[in-house]
Amino acid sequence: MIKNSLVKALNEQVNAEFYSAYLYFAMSAYANGAAYKGIANWLAVQAQEETAHAVHIYQHILERGASPSFSDIKAPEGSYTGIKDVFEKTLAHEKLVSGLIDRIATLALEEKDHATYNFISWYVKEQIEEEASAAEILSKINLSGGHPGILYSLDSELGSRTYSNPFGAQD
Ligand code: FEO
């Protein structure tokens with residue numbers, strides 16, 4: 001039987017993942033308005049992945065025989081000072097999410113809930129990739145020195161990202 005403390009933490013994580021989706025859609029809309037269509041695409045795909053994370057965690061709560069609970073999803077900041085600002089905030093946000101995931105992993109160990117620990121371990125690994133990809137894009141933006149040609153090719157590169165559900169079944 002899953003402990004209430006873990007159900008609460010998982011419910012909070014569902015909310016945090018939906019917030020992440022909101023945040024990346026807001027950033028995508030900003031990038032779209034700033035004519036960075038490729039970056040807008042990358043961020044929209046990111047938002048879809050975050051939605052899949054939320055659904056996956058919600059399903060785990062149900063599978064464990066617990067009740068999902070629903071609370072307000074915070075509105076994201078909608079204006080940015082440029083794409084550097086967008087990716088600085090992306091990296092900062094992913095670091096924050098890594099902390100939330102680590103907290104659930106620690107709690108699962110404390111409660112000796114190996115099913116939740118095993119479940120959340122996927123996210124521990126995923127967060128390494130999430131932070132690394134945001135950091136890589138940010139370093140490319142920094143290395144460009146604002147050169148339009150380099151930013152144009154980065155935008156083209158990020159425009160090729162396509163969405164596929166990380167868990168396969170739900171789409
Ligand atoms: Fe669902 Fe970006 O972590």
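User: What phi does Gly145 take, just after helix 4?
Analyst: This is a predicted model, in which local features need pLDDT of at least 70, side-chain atom pairs count only at pLDDT 80 or more, and totals for chains, interfaces and linings use all residues. Residues are numbered from 1 along each chain as its sequence is written, and side-chain values use heavy atoms, with hydrogens and water left out. Helices are DSSP runs of H or I of at least four residues, and strands are runs of E of at least two, both numbered from the N terminus. Just after helix 4, Gly145 has a positive phi of about 60 degrees.

User: Which residue caps the N-terminal end of helix 4?
Analyst: The cap is a polar contact (N or O atoms within 3.5 Å; within protein, one must be able to donate a hydrogen and the other to accept it, and residues adjacent in sequence count only if both atoms are side-chain atoms). The backbone nitrogen of Ala115 lies 3.3 Å from a side-chain oxygen of the capping residue, Asp113.

User: Where does helix 4 bend?
Analyst: A bend is the angle between axes fitted to the seven residues ending at a position and the seven starting there. In helix 4 this angle is about 25 degrees, at Ile120.

User: How far apart are the end C-alpha atoms of helix 4?
Analyst: The expected span of a helix is 1.5 Å times one less than its number of residues. Helix 4 has 31 residues, so it should span 45 Å, and this agrees with the distance between its end C-alpha atoms, 45 Å.

User: Which helices do the buried residues of helix 4 pack against?
Analyst: Buried means under 20% relative accessible area, exposed over 50% and partly exposed in between (1.4 Å probe, protein chains only). The buried residues of helix 4 include Phe119, Tyr123, Glu126, Gln127, Glu130 and Ile137. Their partners, with contact meaning heavy atoms within 4.5 Å, are helix 1, helix 2, helix 3 and helix 5.

User: Which residues is Ser98 in contact with, leaving aside neighbours within four places in sequence?
Analyst: Ser98 is placed in helix 3. It counts as buried because its relative accessibility is 9%. Beyond those neighbours, Ser98 is in contact with Gln127 and Glu131.

User: Which helix gives the largest share of the largest nonpolar core?
Analyst: A nonpolar core is a set of buried Ala, Val, Leu, Ile, Met, Phe, Trp, Tyr and Cys residues joined through side-chain atoms within 4.5 Å. The largest one has 23 residues, of which Met27, Ile39, Leu43, Phe87, Ile137 and Leu158 touch the most other members. At least two core residues come from each of helix 1, helix 2, helix 3, helix 4 and helix 5. The largest share, 6 residues, is from helix 1.

User: Is Ile83 buried or exposed?
Analyst: Ile83 lies in helix 3. Not counting residues up to four places away in sequence, Ile83 touches Tyr30, Tyr36, Ile39, Ile141 and Leu151. Its relative accessibility is 8%, so Ile83 counts as buried.

User: What is the radius of gyration of the protein chain?
Analyst: The protein chain has 5 helices and 0 strands. The radius of gyration is taken over C-alpha atoms, and the globule rule is 2.2 Å times the number of residues to the power 0.38. For 171 residues the rule gives 16 Å, so the protein chain is as compact as a globular protein of that length, with a radius of gyration close to this, at 17 Å.
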